Each structure stands twice: as structure tokens, then as C-alpha cells.
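Trainee: I would like to learn how to read a model of this kind feature by feature. Could we take the general idea each time and then turn to the case at hand?

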Amino acid sequence: MATPDNSKTERRFTGWLFFPIALFPLVALLTYDHGAIGSLNAPVRSSTNWIGAIGDGFAYCAYLTFGLAAWIIPVLFIVIGARVVVGARLRPGRRTVWTLVFLVAAACLLDVLQSSAPGIEAQRVRFECMRAGGFVGYFIGSLVLRPLLSDIGTGVLLLL
């Protein structure tokens, strides 16, 4: 039977595990090389990603899906780990849903602001993303919300 002190120690140990888990997406995104993934027209070169081919694959899928909002993923792991280390309980139910809503909203906002914010465009080019908000940001932000609410209305909605 677990005593309160043991369960608190177990939770803190679990919290500390989130920090090395956060390193995987962080390092994969930092050392992403678009040329290592390849395309139909170019040969694939060996991976220079510090995580290896899996890191390139993760970064490619994250950028393709969420664009520059993929940088939220390692930050989320660090925040979750820090909260658990200081004693907060890990309740993945509703928080997971709200975390995904936040990630989608960030992707949509980045996609909508892509054309008007030169800093976002510069980062998009630097990390070789097709869209600043990825597929999710383009589909929801640009194809659904922008025609209904315009750029300003979409931005206000996503900032709420």
C-alpha cells in the first residue's frame, strides 16, 4: 500500500521524467534538416539531426501538421514536468483537450499572421515550413475562419 509520502515521491519522479522527454522534440526541431527527408525530385541525404532519422521524421511531421506552433510541444512537456515536480497532480483528461485547442489556435494564428508579420515569415523560411501554421493552421485558420471573420476577426477569436 502506498503511503502519502511514497505517492508524492513517485509523482515527483514522474515529473522529472518529462524533462528528458521534452529534449526529444526540442532537439529534433532545433536540428531539423529538410533535405534529409527528401522529395520526389531530390535524393535523400543522410540525416544530420541529432536525434537521427526519427528526429527528422518527427520534425517534418510536426512542421507539416502544426507549422511553427510545433515549438509549443517541448515547452508543454517542460511545463507539465515542472508542475508535477512541485506537487501538482497530473490530470490528463480535460487538460489534454485544452492543450490541443491551444496548439490548434496557435497554428491558426500563425497561419493568419504569416502574410502580415515579417518575423513569422522569416522563421517559416528558416525552418523550411510550407505554411507557418502547417496543415491545421491553413485548413482551419485560412480556409474556414478567414473567409467568415476576416484577418482581424480571426485573430481576435484565436487570441481569446
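Trainee: Among contacts in the protein chain between residues at least 6 apart in sequence, what percentage joins residues at least 24 apart?

Mentor: In this predicted model, 64% of the contacts between residues at least 6 apart in sequence join residues at least 24 apart. A single pair can illustrate how sequence and space are set against each other: Val75 and Phe19 are 56 residues apart in sequence, and their C-alpha atoms are 9.8 Å apart in space. Val75 belongs to helix H4 and is partly exposed, with a relative accessible area of 47%. For another pair, take Ala105 and Phe127, which are 22 residues apart along the chain and have C-alpha atoms separated by 20 Å.

Trainee: How many helices and how many strands does the protein chain have?

Mentor: The secondary structure comes to 7 helices and 0 strands, and read along the sequence it gives the pattern α-α-α-α-α-α-α. The C-alpha atoms fill a box of roughly 60 × 45 × 25 Å along the principal axes. Of the 160 residues, 35% count as buried, while the accessible surface comes to about 10000 Å², with 71% of that surface belonging to carbon and sulfur atoms.

Trainee: How should I read a single helix, and which residues of H3 are buried?

Mentor: The general idea is that an α-helix has 3.6 residues a turn, so residues three or four places apart point the same way. Helix H3 covers residues 53–66, and its 14 residues should span 20 Å at 1.5 Å a residue, which agrees with the 20 Å between its end C-alpha atoms. Its buried residues are Gly55, Asp56, Ala59, Ala62, Tyr63 and Phe66. Seen down the axis of H3, these buried residues fall within an arc of 140°, so they line one face of the helix. Ala53 and Ile54, on the other side of H3, are exposed.

Trainee: What follows H3, and what is the sign of its phi?

Mentor: H3 is followed by Gly67, whose phi is positive, near 65°. As a general point, most residues other than glycine have a negative phi. Two residues here that are not glycines nevertheless deserve attention. Glu128 has a positive phi of about 55°; it is placed in the loop between H6 and H7 and is partly exposed at 42% relative accessible area. Ser150 has a positive phi of about 70°, although its place is in helix H7, and Ser150 is partly exposed as well, at 39%.

Trainee: Turning to the interior, which residues touch the most other members of the largest nonpolar core?

Mentor: That core has 20 residues, and those touching the most other members are Leu29, Tyr63, Phe66, Leu68, Ala69, Leu103 and Leu110. The elements giving two or more residues to this core are H3, helix H4 (72–85) and helix H5 (92–113). Leaving aside neighbours within four places in sequence, Leu103 is in contact with Phe66, Ala69, Ile72 and Ile73. Apart from this core lies another, of 5 residues, among them Ala105, Cys108, Leu109 and Leu158. Ala105, which lies in helix H5, counts as buried at 17% relative accessibility.

Trainee: What do the buried residues of H5 pack against?

Mentor: They pack against H3, H4, helix H6 (118–126) and helix H7 (134–159). The buried residues of H5 are Leu103, Ala105, Ala106, Ala107, Cys108, Leu109, Leu110, Asp111 and Val112. As for its geometry, H5 has 22 residues and reaches 31 Å from its first C-alpha to its last, close to the 32 Å expected at 1.5 Å a residue.

Trainee: How many disulfides does a search of the whole structure find?

Mentor: A disulfide is a covalent bond between the sulfur atoms of two cysteines. The cut-off used for such a pair of sulfur atoms is 2.5 Å, and the search of the whole structure finds 0 disulfides. The sulfur of Cys61 is 13 Å from the closest cysteine sulfur, that of Cys129, which is too far for a bond. Cys108 is in no disulfide either, since its nearest cysteine sulfur, again in Cys129, is 15 Å away.

Trainee: Are Cys61 and Cys108 buried or partly exposed?

Mentor: Cys61 counts as partly exposed at 45% relative accessibility, whereas Cys108 is buried, with a relative accessible area of 1%.

Key
Residues numbered from 1 in each chain as written. Predicted model: local features only at pLDDT ≥ 70, side-chain atom pairs only at ≥ 80, totals over all residues. Heavy atoms only, no water. Helix = DSSP H or I, 4+ residues; strand = E, 2+ residues; numbered from the N terminus. Expected span 1.5 Å × (residues − 1). Buried < 20%, exposed > 50% of the residue type's maximum accessible area, 1.4 Å probe, protein only. Arc of directions from axis to C-beta. Contact = heavy atoms within 4.5 Å. Areas by Shrake-Rupley, 256 points an atom, 1.4 Å probe, with all protein chains shown as cover. Core = buried A, V, L, I, M, F, W, Y, C linked by side-chain atoms within 4.5 Å.
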